[in-house]
Amino acid sequence: MRKNSLIPTMITSGLLLIFVGCSTDDVPIDHEMTTQTVHESEVVSDAEAETIESMSINLTGAELKPFFFPDGTSEERYLVEGDIAFTKEEYREFLDNAVDGIVSRQYSTYNLCYSPRTIRVIGYTGGGGYGLSSKMRTGLQWAINNYNNANIDLNFTLSFGTNYNPYDIVIYRVPNGQTGGVAGFPSGGNPYKWVQIYSGMDNYNTNVVEHVMTHEIGHCVGLRHTDWFNRASCGGNQNEGTSSYGAVHIPGTSSGIDWNSVMLACFGTNEDGEFSYRDKTALRYLY
């Protein structure tokens, strides 16, 4: 990634944010950011905040917010670390793990997918503004090609349609006019199922959309941000923390920042959408 003259900006009141500047070139944009208005009732309580922070999760602006599904329904989920969604049940589960001492200070999560296996992906094409645009469908196909060309023990199939229940990963558009997306980490040996891509991504070229799609699927199979320890790609210095999900250094990769990685916390407007050499090394080690 090209990260010259990055322009840090003020963080919005919510966990999710977007970086903006005067120029469209090389401005860092967070993969999972939004500027939605936060209601007081949606903010995580002080007691819950203390619990999460005790596990080394960065909780700046963490919220309990509506998480929308392709059919327009929603449920409340915790959004932490800028890009990871947890159900209330998953949240309680890793609280229990933390009590049992499963916390480490070591860039993958502990939770990975069972492999070898086939992961069935569907790009949602339904109505209500949640269906992927033509550009997003192309970007998703390119992202799936990235994984299938990485020579790993995960094989990805891609379909487009509306019957998403049988699929392992569902990728759909959220009509909020904002930029980035949201995904989550694997659970029970399965990838995280729901990948939201914000409608503002249609303002970028297909390579940038491919980049964001590849990035979010990376979270679904257990990849952390390459620069989780300082979010330098966003122009700041903010540690996301390890949490009970872990931030495990993957052997064979640099312990510093890979500026070409598709898994950097923020992206630019000139991305090519491809894995870096170290991204592929990481995936091949894990799978």
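**Notebook: cysteines, strand E9 and two helices**

I began with the link of cysteine 234 and cysteine 266, and I noted that it is right-handed, with 100° about the S-S bond. The pair joins distant parts of the chain, 32 residues apart, with cysteine 234 in the loop between helix H4 (206–220) and strand E10 (266–267) and cysteine 266 in strand E10 itself. Before going on I wrote down that this is a predicted model, in which local features need pLDDT of at least 70 and side-chain atom pairs count only at pLDDT 80 or more, while totals for chains, interfaces and linings use all residues. I also wrote down that residues are numbered from 1 along each chain as its sequence is written, and that side-chain values use heavy atoms, with hydrogens and water left out.

**The cysteines**

I looked up how far apart the two sulfur atoms are, and for cysteine 234 and cysteine 266 I found 2.1 Å, where a disulfide is taken as a pair of cysteine sulfur atoms within 2.5 Å. The structure holds one disulfide. Cysteine 234 is buried at a relative accessible area of 3%, and cysteine 266 is buried at 0%; here buried means under 20% relative accessible area, exposed over 50%, and partly exposed in between, with a 1.4 Å probe and protein chains only.

Why does cysteine 113 have no bond to cysteine 220? I found that the sulfur of cysteine 113 has its closest cysteine sulfur in cysteine 220, but 8.3 Å away, which is too far for a bond. Cysteine 113 counts as buried at 6% relative accessibility, and cysteine 220 is buried as well, with a relative accessible area of 0%.

**The whole protein**

I then stepped back to the whole chain and recorded five helices and ten strands, which are DSSP runs numbered from the N terminus, helices being H or I of at least four residues and strands E of at least two. The protein has 287 residues, of which 57% count as buried. For its accessible surface I noted about 11600 Å², with 46% belonging to carbon and sulfur atoms; these areas come from the Shrake-Rupley method with a 1.4 Å probe.

**Strand E9**

Is strand E9 mostly covered or mostly open? I found that E9, residues 194–198, is mostly covered, since five of its five residues are buried. Trp194, Gln196 and Tyr198 point one way from the strand, whereas Val195 and Ile197 point the other way.

I next looked up the partners of E9, taking two strands to pair if DSSP finds at least two bridges between them. Strand E7 (residues 169–174) pairs with E9 in the parallel sense over five bridges, and tyrosine 172 has glutamine 196 as its bridge partner in E9. Strand E8 (residues 181–182) pairs with E9 in the antiparallel sense over two bridges, with glycine 181 having isoleucine 197 as its bridge partner there.

**Helices H5 and H4**

In helix H5 (residues 277–286) I listed Asp279, Thr281, Ala282, Leu283 and Leu286 as buried, and the buried residues of H5 pack against helix H3 (134–148).

Last, I turned to asparagine 207, which lies in helix H4 and counts as partly exposed at 31% relative accessibility. Leaving out residues up to four places away in sequence, asparagine 207 touches Trp142, Glu271, Asp272 and Gly273, contact meaning heavy atoms within 4.5 Å. The C-alpha atoms of asparagine 207 and lysine 135 are separated by 9.7 Å, although the two residues are 72 residues apart along the chain.
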